[in-house]
Amino acid sequence: MASAPRPERVPRLLAGCLPPYPPPPPTVGLLSMEQEETYLELYLDQCAAQDDLAPPRSPLFNPVAPYGMYILNASNLDTALNSNPEVKEASGDFSSVDLSFLPDEVTQENKDQPVISSRHETEENSESQSPQSRLPSLSEQDIGLGLNSSSLSNSHSQLHPGDTDSVQPSPEKPNSDSLSLASITPMTPMTPVSECCGIVPQLQNIVSTVNLACKLDLKKIALHAKNAEYNPKRFAAVIMRIREPRTTALIFSSGKMVCTGAKSEEQSRLAARKYARVVQKLGFPARFLDFKIQNMVGSCDVRFPIRLEGLVLTHQQFSSYEPELFPGLIYRMVKPRIVLLIFVSGKVVLTGAKERSEIYEAFENIYPILKGFKKA
Amino acid sequence: MNNTAASPMSTATSSSGRNTGKSISFAAELQSMMYSLGDARRPLHETAVLVEDVVHTQLINLLQQAAEVSQLRGARVITPEDLLFLMRKDKKKLRRLLKYMFIRDYKSKIVKGIDEDDLLEDKLSGSNNTNKRQKIAQDFLNSIDQTGELLAMFEDDEVDEVKQERMERAERQTRIMDSAQYAEFCESRQLSFSKKASKFRDWLDCSSMEIKPNVVAMEILAYLAYETVAQLVDLALLVRQDMVTKAGDPFSHAISATFIQYHNSAESTAACGVEAHSDAIQPCHIREAIRRYSHKIGPLSPFTNAYRRNGMAFLAC
């Protein structure tokens, strides 16, 4: 059921303490609506700048104001869309184009793109030899931005200047002591290398939800976006797919969205942002609120056969094994609350986690038990 | 009564199709199943054929009774409720069935969360599929429960002794195996009637019935078929254990008396003679097991195992 563990994506080793997140700049009260929108645009543009594959001459990379006007003026939406077929193209098509090509004429904010996007590339191509320091910095970068997005609802004004600050320092020290990059990880500290064995569960699927915070016209989205399907008789949501990261999203008319298929937290967030961007380009005032990971699935291989009959007998309260029904033993671990599917071949699938550390912890707990039932 | 109990193969109530040399046979699968339930490494073919006959007869009878219940309700399909109704008298077996249904629900919920395609399929199907079997069972038992006993089963966490015994037997069996044998054993364990759903359906000749079972009812029937096989193997192993006269066993003279008729008949002599050498369950064990199970001796026997036809009690309910 679970494929063999992929070649090592080095899990983030965050040794030592990280410097705290930069204090938000001394700020005033809430800005006006238009200013808020332009800041939002600025922020989303930066995000898009990392992700986008459209050539810079497209309106996407132009200064904020003209595009901001597209968004704010609802009546322009149709004309805007019609007159910018390439916007339409770019919006839907995030095919796997090499991001590192981005040219030099990009603006100051986008200067960090080549560095960041190449980090994206290296992170996503696990085979490539990316220097260790880059990966943590990318994750922190992402997490930093993620933190920003999650507190968007709290106060936009605080965050955006702070956001630009956090984006700015990175180009100055791209390959450096990335730990000085100002952000903290929202996740609990990870112990990726298990003490007893060198086996680390690999994440296979992440399900996350985000609130775009605006009512959506699903028919319009389905009509204008590529890779979108919508069948209102079957299901009341648009199903959209992008190829990089390879994910599927269910977009509901209330503005809520479910994103599945990513292989890491950052990829899930990145994919969700891309979908939000697509929706936004179609003219909806999409935001990025309450991004939350709902479920994480990991898998690994202990590399010895396991005698499940013994396991089900000794751990009766936690396990159920009905081979006529399902070839694996279903083990309900109480702490952490994770469900493990254990197979005779030695493959283990862990599901139900909200955080990566839960998966590691669950595997740590089960490994000695499984060793006890090793089938010689 | 003796005749019918001794040779279930000659019952006349099973569908006429059976006598016309039906092509569908589960004998090979049954041999695997019996191995996984505790029989020897290579169960005998004759035993498998006998078990197949027994299971087939019992299921046909069960289906007919379920169809009658369905008709009473005025329904057009046999639903799981009908089968649950037939099983209401035997608490332990009913509880086992309920547990099976819950585990089935739980497993689909988990597997759904893992594979994103499954997740989409589920969402697209629109209906509230989670815990569907549990809901069916709960609603139905709610409606027929007069004394509260049936509903109490949902909270009941008692250990199922029969299941426990089976687990222990499997554990003992697997302890001494090496990994190649164990892999084969696991494969056998995964065999079930629900995996061969269409063959199972044809075997029961469902298409010629007026009232057919629906999907969940078919699942339950497959489960009951498997339970019947398991029960037969359990009982046959007990019988076989009894047959071996142990030193110091005060009842050994009584046991041999009940076996006289079998030892006399030509057919079983040869079979039982071989018994000492092979580990496999013999047909005579199975027949003896059925005979004992249907035996009407005892003060409460008129009130137990209410659903009989031709003197053969249902093993699964």
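User: Hey, how many bridges join β9(A) to β10(A), and which way do they run?
Analyst: Four bridges join β9(A) to strand β10 (residues 347-353) of chain A, and the two run antiparallel. This is a predicted model, by the way. Within that pairing, Leu340(A) has Leu350(A) in β10(A) as its bridge partner.

User: Cool. What sits between β9(A) and β10(A)?
Analyst: The two strands form a hairpin with four residues between them, and Gly346(A) in the turn has a positive phi of about 105°.

User: And the other neighbour, how many bridges join β8(A) to β9(A)?
Analyst: Five bridges there, again in an antiparallel pairing. Met333(A) is matched with Ile338(A) in β9(A) as its bridge partner. A hairpin through four residues joins β8(A) to β9(A).

User: Is β9(A) buried or exposed?
Analyst: Strand β9 (residues 338-342) of chain A has five of its five residues buried, so it is largely enclosed by the rest of the structure. Both faces are covered: Ile338(A), Leu340(A) and Ile342(A) are buried on one side, Val339(A) and Leu341(A) on the other.

User: Zooming out, what is the strand order in the whole sheet?
Analyst: Ten strands of chain A make an open sheet, in the order β2-β3-β4-β5-β1-β6-β10-β9-β8-β7, with antiparallel pairing. The edges are β2 (228-230) and β7 (319-320), each of which pairs on one side only.

User: Which strand does the edge strand β7(A) pair with?
Analyst: β7(A) pairs with strand β8 (residues 329-333) of chain A over two bridges, in the antiparallel sense. Ser319(A) has Tyr331(A) in β8(A) as its bridge partner. Ser319(A) comes up again with the largest pocket, as one of the lining residues closest to its centre.

User: Nice, pockets are my thing! What is the volume of the largest pocket?
Analyst: About 1300 Å³ of space. It is lined by 48 residues, and the closest to the centre are Ser319(A), Ser320(A), Glu322(A), Lys99(B) and Ile103(B).

User: Which elements supply the lining?
Analyst: From chain A, α11 (308-314) and β7 each supply at least two residues, and so do α2, α5 (91-114), α7 (132-144), α8, α9 and α12 of chain B. The largest share, ten residues, comes from α5(B).

User: How does the lining split by class?
Analyst: There are 18 nonpolar, eleven polar and 19 charged residues in the lining.

User: You mentioned α8 of chain B. What does Phe154(B) touch?
Analyst: Phe154(B) lies in helix α8 (residues 149-155) of chain B. Leaving out residues up to four places away in sequence, Phe154(B) touches Leu98(B), Phe102(B), Ala137(B), Gln138(B) and Leu141(B). Phe154(B) has 17% relative accessibility, so it counts as buried. Its C-alpha atom is 8.7 Å from that of Lys99(B), although the two residues are 55 apart along the chain.

User: And α2(B), how many of its residues are buried?
Analyst: Eight of the eleven residues in helix α2 (residues 27-37) of chain B are buried, so the helix is mostly covered. Among them are Leu30(B), Met33(B), Met34(B) and Leu37(B). The buried residues pack against α3 (45-73), α9 (161-175), α10 (179-190), α11 (197-203) and α12 (215-243) of chain B. Just after the helix, Gly38(B) takes a positive phi of about 130°.

User: Last one: how many disulfides are there over all chains?
Analyst: Zero. As for individual cysteines, Cys300(A) counts as buried at 2% relative accessibility, and Cys186(B) is buried with a relative accessible area of 3%.

Definitions and conventions. Residues numbered from 1 in each chain as written. Chains lettered and ligands numbered in written order. Predicted model: local features only at pLDDT ≥ 70, side-chain atom pairs only at ≥ 80, totals over all residues. Heavy atoms only, no water. Disulfide = S-S within 2.5 Å. Buried < 20%, exposed > 50% of the residue type's maximum accessible area, 1.4 Å probe, protein only. Pairing = 2+ DSSP bridges. Contact = heavy atoms within 4.5 Å. 1 Å grid on protein atoms, 1.4 Å probe; cavity = no way out; pocket = protein on both sides within 12 Å on 5 of 7 lines; lining within 4 Å. Points joined across faces, edges and corners; volume = space filled by probe spheres on them. Nonpolar A, V, L, I, M, F, W, Y, C, P; charged D, E, K, R; others polar.
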